[in-house]
Amino acid sequence: MKIDTLLGKRVQYGCHYDPKLLQPIPRSLGRRAGNLPGAAGPYPYHGEDIWNVYELSWLSEQGRPEVGIAEIRVPADSEFLVESKSLKLYFNSLNMTRIKSPADLAATIENDLSDAAGGAVTVTILLPEQFSDIQVAEPKGLCLDTLDCPDFSYQVNPLLLQSSTESVASETLFSRLFRSCCPVTGQPDWATVQVAYQGNKIEHAGLLRYLVSYREHTGFHEACVELIFHHIMEQCKPEQLEVSARFTRRGGIDINPVRATSKAHWQNIRDPRQ
């Protein structure tokens, strides 16, 4: 999957508002590369990509610098995702832009990102007096990371996933050991991955070995989560499934995709490593 993006390239950082900096990438590219649902039609599951932009600043009408944090929610069924470096450049372009109010800023960003993503993006601006409301918490569920698992491998292998036909479970499992690599720069991407399901009991050691097998895999955050979701659905056939990942931030932005069999309002709770 060859993608021409701004990642890894020397660019001139502008300081004047420019929505043309946003670079859409068709979701179909990653889905086609992984032979995933939605490569040639609508995405059949639910989910969104939650972005937190911590380096948000603009000017008031009087020219006073303002700061905030932007929470962005991009629906998984949007035609495009937005390349992360282009998003950073776009937010930098707001630094010297005079904007009437935080509400006007949110509306501007929401409109620009919706146009770029080809879907209804929502944007919430948190102001400094709201920073104390941000939740930071350990993941829910059972941590897999202390399991005694020999024979780790580093090529993605869905056959590592096993489930029992003799017992059922409703449980949430997570691992902090996930690492993948950027498909453009090769730099590592770190995340805590959480799997919540109902159905035939998933073998815990196999799930951990499967998640660790992404260690040399190249893929965007969103595509990795969709591949994990797809492989678990194919191999274990749960009745209900939700896969989410909280990736550590780069360039002042963290990306947190979630994919699920059922629609929900997904909370945006920071992982301690974020």
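Here is a short chat about the predicted model shown above.

Biologist: Hi! What does the secondary structure of the chain come to?
Modeller: Hello! This predicted model has 5 helices and 10 strands.

Biologist: And why does a radius of gyration of 19 Å agree with a compact globule?
Modeller: The chain has 274 residues, and a compact globule with that many would come out near 19 Å, so the value for the chain agrees. Along the principal axes, its C-alpha atoms fill a box of roughly 65 × 40 × 30 Å.

Biologist: How much of the chain is buried?
Modeller: Buried residues are 47% of the 274.

Biologist: Okay, let's go inside. Which residues have the most contacts in the largest nonpolar core?
Modeller: That core has 33 residues, and the ones with the most contacts inside it are Phe178, Leu207, Tyr210, Ile228, Ile232, Leu241 and Val243. The elements that each supply at least two of its residues include β7 (163-181) and α4 (204-212). Helix α5 gives the most, with 8 residues.

Biologist: What is Phe178 in contact with, leaving aside its neighbours within four places in sequence?
Modeller: Its partners include Trp190, Leu211, Cys224, Ile228 and Phe247.

Biologist: Which residues does the second core include?
Modeller: Leu22, Tyr90, Leu94 and Ile109 are among its 25 residues, and this core is separate.

Biologist: New topic: the outside. How much area does the chain expose?
Modeller: About 13300 Å², with carbon and sulfur atoms supplying 50% of it.

Biologist: And how far apart are the mean positions of the positive and negative charges?
Modeller: They are 5 Å apart, taken over 27 positive and 33 negative charges.

Technical notes
Residues numbered from 1 in each chain as written. Predicted model: local features only at pLDDT ≥ 70, side-chain atom pairs only at ≥ 80, totals over all residues. Heavy atoms only, no water. Helix = DSSP H or I, 4+ residues; strand = E, 2+ residues; numbered from the N terminus. Rg over C-alpha atoms; globule rule 2.2 N^0.38 Å. Buried < 20%, exposed > 50% of the residue type's maximum accessible area, 1.4 Å probe, protein only. Areas by Shrake-Rupley, 256 points an atom, 1.4 Å probe, with all protein chains shown as cover. Lys, Arg positive; Asp, Glu negative; His and termini not counted. Charge placed at Lys NZ, Arg CZ, Asp CG, Glu CD. Core = buried A, V, L, I, M, F, W, Y, C linked by side-chain atoms within 4.5 Å. Contact = heavy atoms within 4.5 Å.
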